[in-house]
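Let's take a walk through this structure together, starting from the middle and working outwards. Keep the viewer open as you read.

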Amino acid sequence: MLNFSFHNPTSIHFGVGQIEKIDKEIPQDAKVLVIYGGGSIKKNGIFDQVIDALGGREWAEFSGIEPNPNYDTLIKSLPLINDMQVDYLLAVGGGSVIDGAKFIAAAAKFEAGEPWDIIAKRAKVSQALPLGAVLTLPATGSESNSSGVVTRNGHKLPFTNKLLRPQFAVLDPQVTLSLSDRQISNGIVDAFVHVMEQYLTYDVNAKVQDRFSEGLLMTLIEEGPKALNSETKDDLDVRANAMWSATLALNGLIAAGVPQDWTAHMIGHELTGLYDIDHARTLSITFPAVMKVRRDVKRDKLLQYAERVWHVVDGNEDQRIDKAIELTENFFKTMNVPTRLSEIDLDATHIDTILEKLQQHGMVALGERREITPDITRIILEAAL
Ligand code: NZQ
Ligand code: ZN
């Protein structure tokens, strides 16, 4: 196992009715900005529950954060924050809203230039507004991690800072009942690939992390289809298991002490930035291709994955690996997400553009050993056609 330091101070309030815990988490005299997206929280009653929980606190709202949050939208919140002297941000939404709120938290206190420098120039963030989250879409893990992704002019770029980790997160599985099938699928697939990016690398004898990861993968494989099936989709236990899996998939726990890949994500971000493809639907295309092209360097872990997650024990090693990759793709297909670039109308003529973007963003040494050069990325993209 590799050395690590692990600290995740986000308080989690999990379960039906837990939105009321906001009252215990946010200081009574705080001036709160409630941040949300396109308005789903007003239709499904979550907004009213949040406002009830805020009680007598002074609050204002900032809405319109779009999926794959846009820089130009986010900075529109800054005058309101200044005028009202907001001192607490409450993000109510999925990964886009929470990521957007993280960026706003940093931008509101940033004085050393244009807020975009925080991402583009990795400018130092030494203070940020405190932030809480009410999660409405289990997927990204953003509710208890310190990272975010923001888009500007087609450049979709990640940022991270420990000051941006939410102080608390409310995870009420009931709020996920209003999700569309598309967003349910996206959430399950994103969480699945998060686990895989941290699991399917090379063996460092990290038994606990491996078994935690395998447990999460098996839970997602079991609960994902149930969350789409009309007979089981409203079962709160199904939603709860999916929700907690997604949080644990990217809260730092399974990342501690193991190598990490993230190639599928970095290529996926370019597909979203260039062609506006849902985040998870980029991963269901890029990840199987990474498995295929990197099967030799990931060999030991692929065999472990085949046996422990899919119970594949028959055949020689190559046959078992083939089977594990096939079962992974089949799982994605069951979740109704694309597994090929052709399914999103992209072909070989788009590969150069994608590679150029990756190069522009410095993504030229990807993977757990930083040995995925643009030439190897090309092969991965070709495998995804
Ligand atoms: O805008 P609203 O009205 O909130 O509607 C959203 C949006 O249209 C809707 N939705 C959310 N909760 C709902 C709901 N509709 C009905 N009922 C509910 N309960 O779902 C749509 C998609 O929401 P979005 O927040 O964009 O989805 P997701 O949670 O998948 O977030 C994706 C973003 O997170 C980033 C992605 O790149 C992408 O920008 N990621 C963030 C990560 C992180 N912070 O660690 C890691 C991930 O790998 C990922 O990159
Ligand atoms: Zn992701």
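What follows goes from the sheet to the helices, then to the aromatic pairs and the metal site.

One thing up front: this is a predicted model. Start with the sheet, which is open and built from six strands in the order 1-8-5-4-2-3, with parallel pairing. Strand 1 (11-14) and strand 3 (58-62) are the edge strands, and each has a single partner, so one side of each has no neighbour in the sheet. Going from one strand to the next, the twist averages 20 degrees.

Now zoom in on strand 4, residues 88-93, which pairs with strand 5 (residues 131-135) through five bridges in the parallel sense. Glycine 93 has leucine 135 of strand 5 as its bridge partner. Strand 2 also runs parallel to strand 4, and four bridges join the two. Here isoleucine 35 stands opposite alanine 91 in strand 4.

Is strand 4 mostly covered or mostly open? It's mostly covered, with six of its six residues buried. In a regular strand, side chains alternate between the two faces of the sheet. For strand 4, Tyr88, Leu90 and Val92 sit on one side, while Leu89, Ala91 and Gly93 sit on the other, and all of them are buried.

Next, the helices that lie across the sheet. Helix 6 (residues 95-107) lies across strand 2 (31-35), strand 3, strand 4 and strand 5, and runs at about 165 degrees to strand 4. Helix 10 (residues 236-249) lies across strand 1, strand 5 and strand 8 (168-171), at about 170 degrees to strand 1.

On to the aromatic rings: a search of the whole structure turns up 11 aromatic pairs. Take tyrosine 71 and phenylalanine 103, whose ring centres are 5.7 Å apart with the planes at 65 degrees, so this pair counts as edge-to-face. Tyrosine 71 belongs to helix 4 (residues 71-74) and phenylalanine 103 to helix 6, so the pair ties together parts 32 residues apart in sequence. Tyrosine 71 has 1% relative accessibility and counts as buried; phenylalanine 103, also at 1%, is buried as well. Both belong to one aromatic cluster, formed by Tyr71, Phe103, Trp116 and Phe159.

Compare that with phenylalanine 192 and phenylalanine 331: the ring centres are 5.1 Å apart and the planes sit at 50 degrees, so this pair is tilted. Phenylalanine 192 is in helix 8 (residues 181-199) and phenylalanine 331 in helix 14 (residues 317-334), so the pair ties together parts 139 residues apart in sequence. Phenylalanine 192 and phenylalanine 331 are both buried.

Rings also turn up under charges. Lysine 42 has its charged end over the ring of phenylalanine 47, 4.3 Å from the ring centre. Likewise, the charged end of lysine 301 sits over the ring of tyrosine 199, 4.7 Å from its centre.

Last stop, the metal. Which residues supply the protein donors of the zinc ion (ligand 2)? They are Asp190 (OD), His194 (NE2), His265 (NE2) and His279 (NE2), lying 2.0 to 2.1 Å from the ion. Along the sequence, these donor residues follow the spacing D-x3-H-x70-H-x13-H. Aspartate 190 in helix 8 and histidine 279 in helix 12 (residues 279-293) link distant parts of the chain, being 89 residues apart. Aspartate 190 counts as buried at 2% relative accessibility, and histidine 279 is buried too, with a relative accessible area of 16%.

How values were computed:
Residues are numbered from 1 along each chain as its sequence is written. Chains are lettered from A and ligands numbered from 1 in the order in which they are written. This is a predicted model: local features need pLDDT of at least 70, side-chain atom pairs count only at pLDDT 80 or more; totals for chains, interfaces and linings use all residues. Side-chain values use heavy atoms; hydrogens and water are left out. Two strands pair if DSSP finds at least two bridges between them. Axes are lines fitted to C-alpha atoms, for helices over the stretch in contact, and angles run from 0 to 180 degrees between N-to-C directions. Contact means heavy atoms within 4.5 Å. Rings of Phe, Tyr and Trp (its six-membered ring) pair if their centres lie within 6.5 Å; planes under 30 degrees apart count as stacked, over 60 as edge-to-face and the rest as tilted. Buried means under 20% relative accessible area, exposed over 50%, partly exposed in between (1.4 Å probe, protein chains only). A charge sits over a ring if NZ of Lys or CZ of Arg is within 6 Å of the ring centre and within 35 degrees of the ring normal. Donors are N, O and S atoms within 2.8 Å of the metal (3.2 Å for Na, K and Ca); water is not among the atoms, so sites may look incomplete.
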